[in-house]
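Let's take a relaxed walk through this structure. Have a look at it first, and then we'll go through the sheet, the chain and the contact.

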Amino acid sequence: MDNAGSKGGLMRLKILPSSLRERRRYIKLKIISDEPIAFSDFKAAVTNVFLDFYGELGFSELSLTFINNSFDPKRQVCILRCNHKSVQKVLAALGFIQRLGDVRILIKILGVSGTLKKLKKFK
Amino acid sequence: MKFYDLHVHSAFSEGKSSLEEIAKTAKLLGFSGICFAEYFESEEKIEELKREIERISKEVGIEIYLGFEARNAKELKLLAKLRREFDVLLARGGSLKLNRAACETPEVDILTHPELDRKDSGFNHVLAKLAHKNNVAIEINFREVLMSSKESRSRILKNMRLNVRLAKKYGAPLICCSGAISHLEMRDPKILASFLTLLGLDLKEAKECLSKVPESILRLSKERRSEKWIMPGVRVVS
């Protein structure tokens, strides 16, 4: 059993050594729109556009993740994570997002970095 | 690095947004300059547009240029004669006749979307050699991809990839523009550069398509408009 031996929760895998981990890149972006938008809508739109453009196999190669607690609803700024080889692919496909429901949006890339700490300098 | 978008339509031609909206969005996205590509109607309209552009350029704080997009061979001839009156001359690609005429005309700066509404790429090795000789930049139009989907998008991307390969091989300049008709269709220069990397360019070459190539077009245009200029390579020295 997966949780055998754990104290209460699921047993977690040991973290991979840094040399075997995927190299990550964080992309900070600003969503420009007339009306404020919900992060869940943005996530759904990104996923749909990426799946349309790259297909399921291509999408899996991006290792795209949304950093949930990074969304600033006031400034409409959020952070995406992908692997270091697919930064250009992610940026290119972000250009194909035109609208969230009825709201037309525009995406401005604030910066790309290898760590979340360094991303703070992009405002 | 300075980025330029030399193909944007405003409400003066087929666009939906005003000059101000587009200029403000361009500044917000990080462009140093934009060029409004309008359709030619009369010489009086050029003066009107110039005044409007100058006012907005000062108001928003961004370089704004005026360009005209020729829609057929006749219009191209007419605009080539009036070449000193405006900054950028674009030729609306798509028909083989106009694609060829544009590549053969040294006054033309940009051949826009040569693969528009076509099954083939509208551009071959002969046109690539001519474009190199006459210094006509081949445009990669982002809006064309943005507005298409599924099969047509994949066909456009395939044709664009071929055009990029030919332009690279024969040394024809390549330029990437948003081709936006609304301020919400403009794209961040980083997004446009990344898009070009999907078409077979490396990141350095992609950035050059958005900065170095438009800069050289604008520099040449400025030289061409000076009184000392006679023809490419010939100017009054004293």
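Start with the sheet in chain A: five strands form an open sheet, in the order S2-S3-S1-S5-S4, and the pairing is antiparallel. Strand S2 (65-66) and strand S4 (99-100) of chain A sit at the edges with a single partner strand each, so one side of each has no neighbour in the sheet. Keep in mind that this is a predicted model.

What holds strands together in general? Strands of a sheet pair through backbone hydrogen bonds, either parallel or antiparallel. Here, S2(A) pairs with strand S3 (residues 77-83) of chain A in the antiparallel sense, over two bridges. If you want a spot to look at, find A:Phe66, which stands opposite A:Leu80 in S3(A).

Now zoom out to the whole of chain A. It has three helices and five strands, and from the N terminus on they run β-α-β-β-α-β-β-α. Here are some overall values:

| Feature of chain A | Value |
|---|---|
| Box filled by the C-alpha atoms, along the principal axes | roughly 50 × 30 × 25 Å |
| Buried residues, out of 123 residues | 26% |
| Contacts joining residues at least 24 apart, among those between residues at least 6 apart in sequence | 69% |

Finally, how many residues does each chain bring to the contact between chains A and B? Chain A gives twelve residues and chain B gives 14 residues. On the chain A side, helix H2 (87-94) and strand S5 (103-113) each supply at least two residues. Sorted by class, that side of chain A has seven nonpolar, two polar and three charged residues.

How values were computed:
Residues numbered from 1 in each chain as written. Chains lettered and ligands numbered in written order. Predicted model: local features only at pLDDT ≥ 70, side-chain atom pairs only at ≥ 80, totals over all residues. Contact = placed C-beta atoms within 7 Å. Helix = DSSP H or I, 4+ residues; strand = E, 2+ residues; numbered from the N terminus. Nonpolar A, V, L, I, M, F, W, Y, C, P; charged D, E, K, R; others polar. Pairing = 2+ DSSP bridges. Buried ≥ 20, exposed ≤ 12 C-beta atoms within 10 Å, placed from the backbone.
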